[in-house]
Amino acid sequence: MPSSSTTQVQLSVIIACRNGRRTIRRCLDSLAAQKTTSSFEVIVSDSSTDGTDRIIRDGYPWVRLLHFETRKFPGDARNAGIREARGQLLAFIDSDCVAAPDWLEQMMAAQRGSDTTVGGVVDNGARGRLLDWAGYFCEFSQWMPPGRPCWMDDIPTCNLSLHRKLFDEFGPFLEGAYCSDTALHWKLARSGRRARFVPAIRVAHHGLERLGSFAGHERFHGESFARLRVKDRKFGLGKRFLYFCGAPALPALLWLRIARRVLRNRRYLREFVLATPLLLLGLAAWSLGEARGYLRGGR
């Protein structure tokens, strides 16, 4: 169980939340059930309009709730949570994810002596529909189970940790936009610190997709990624044009990458094949967003 507000804590769990009414209970219940001897706190940085804040206030008095009336992008929300955090180790999970019972213990063990970000497996917790599988493959195929320990360029902030001193040096998260975790990892990589992937650190993602919002989200995510890349890598007009021209090939290229990961992990092959038509729709939306991002340029 999380520590009281007066107890010294070793680790702060920070949740960026936006309209998480359907999933927040599962997430917080999984944190309350952690099998750990470490002292920790849970901070939810929430800008919901669906009553998520009332669910937390009424049912989870041990959560430190930060509620904002105006929308907070994920990076903004996490920065606000970090400002209130008391732990020297910062861990991140999303409101639509469920942590494995040993999530915190595995995270603490992996972070001993670490000077970079550490994260792990993101499994699919929403398995009822092919649309949910398509969304999962679009977003999380790089971090599928079972996985192997390795160094990576990027690990999502739904299953990530770092020491506060590292965040103080390389943070804060990018605000006012998506891809804030990617921006942080690129900054760390330039200092020689790639992310460490530890498969024993596990969460399950329970996002429930709707067709229209699925395609819209992938398009927006793709555009956000392209605009971040243009700014971070200082793309000139010529390079932006080349990447724009290459965008139509992205759906096939990305699908092949995901297929290779599925085959390598020997997991979810049937679901991948059945979800491919919807997956290609999502990848096409992402690619359209990337093309637009290269046209519009950096942030």
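Helices and strands here are DSSP runs, numbered from the N terminus, and a helix needs at least four residues. With that in hand, here's a spot to find: just after α7, Gly192 takes a positive phi of about 90°. Keep in mind that you're looking at a predicted model. Below is a quick tour of its cores, a pocket, a well-covered helix, some backbone oddities and a few residues worth clicking on.

**The nonpolar cores**

- In soluble globular proteins, nonpolar side chains tend to be buried together.
- The largest nonpolar core here has 67 residues, and the members that touch the most others are Val13, Leu28, Val42, Ile93, Trp103 and Phe137.
- Helix α5, residues 130–140, is the top contributor to this core, giving seven residues.
- A second core of 14 residues sits separately, with Ile82, Ala85, Leu90 and Leu166 among its members.
- Want to see who Leu28 is in contact with? Skip its neighbours within four places in sequence, and you get Ile15, Val42, Val44, Ile56, Tyr60, Trp62 and Val63.

**Helix α7, mostly under cover**

- Eight of the eleven residues in α7 are buried, which leaves this helix mostly covered.
- The buried ones are Ser180, Asp181, Thr182, Ala183, Leu184, His185, Trp186 and Leu188.
- What do they pack against? The partners are α3 (74–84), β8 (159–163), α6, β9 (195–205) and α8.

**The second largest pocket**

- This pocket has a volume of about 180 Å³.
- Two elements each give two or more residues to its lining: α7 (180–190) and α8 (211–232).
- Helix α7 supplies the largest share, five residues.
- Twelve residues line the pocket, and Leu174, Ala183, Lys187, Leu228 and Asp232 lie nearest its centre.
- By type, the lining splits into six nonpolar residues, five charged and one polar.

**Backbone oddities**

- Most residues other than glycine have a negative phi, and most peptide bonds are trans.
- Two cis peptide bonds to look up are the one joining Pro145 and Pro146, with omega about -5°, and the one from Gly171 to Pro172, with omega near 0°.
- Pro146 lies in the loop between α5 and β7 (150–152), while Pro172 is in the loop between α6 (164–170) and α7.
- Asn19 isn't a glycine, yet its phi is positive, near 55°.
- You'll find Asn19 in the loop between β1 (11–17) and α1 (24–32).
- Is Lys234 buried or exposed? Lys234 is exposed, because its relative accessible area of 71% is over the 50% cut-off.
- Lys234 also has a positive phi, near 55°, and its home is the loop between α8 and α9 (237–246).
- Asn19 counts as partly exposed, because its relative accessible area of 36% falls between the 20% and 50% cut-offs.

**Three residues to click on**

- *Phe197* belongs to strand β9. With 3% relative accessibility, Phe197 is under the 20% cut-off, so it counts as buried.
- Not counting residues up to four places away in sequence, Phe197 touches a string of partners, including Gly119, Val121, Trp143, Pro149, Cys150 and Met152.
- Ile155 is another residue that Phe197 touches; the two are 42 residues apart along the chain, but 7.6 Å separates their C-alpha atoms.
- *His206* is found in the loop between β9 and α8. Its relative accessible area is 15%, under the 20% cut-off, so His206 is buried.
- The side chain of His206 reaches the backbone oxygen of Gly125 at 3.5 Å.
- Setting aside neighbours within four places in sequence, His206 is in contact with Thr23, Arg26, Asp96, Val98, Gly125 and Ala126.
- *Arg229* has its place in helix α8. Which side chain does the side chain of Arg229 make a polar contact with? The partner is Tyr294, at 2.7 Å.
- Beyond its neighbours within four places in sequence, Arg229 is in contact with Trp186, Lys234, Phe235, Tyr243, Glu290 and Tyr294.
- Pro248 is 19 residues from Arg229 along the chain, and their C-alpha atoms are separated by 18 Å.

Conventions: Residues are numbered from 1 along each chain as its sequence is written. This is a predicted model: local features need pLDDT of at least 70, side-chain atom pairs count only at pLDDT 80 or more; totals for chains, interfaces and linings use all residues. Side-chain values use heavy atoms; hydrogens and water are left out. On a 1 Å grid over the protein atoms alone, a cavity is a set of points where a 1.4 Å probe fits but cannot get out, and a pocket is an open set with protein on both sides within 12 Å along at least five of seven lines; lining residues have an atom within 4 Å of a point. Grid points are joined across faces, edges and corners, and a volume is the space filled by probe spheres set on the points. Ala, Val, Leu, Ile, Met, Phe, Trp, Tyr, Cys and Pro count as nonpolar, Asp, Glu, Lys and Arg as charged, and the others, Gly among them, as polar. A nonpolar core is a set of buried Ala, Val, Leu, Ile, Met, Phe, Trp, Tyr and Cys residues joined through side-chain atoms within 4.5 Å. Buried means under 20% relative accessible area, exposed over 50%, partly exposed in between (1.4 Å probe, protein chains only). Contact means heavy atoms within 4.5 Å. A polar contact is a pair of N or O atoms within 3.5 Å; within protein, one must be able to donate a hydrogen and the other to accept it, and residues adjacent in sequence count only if both atoms are side-chain atoms.
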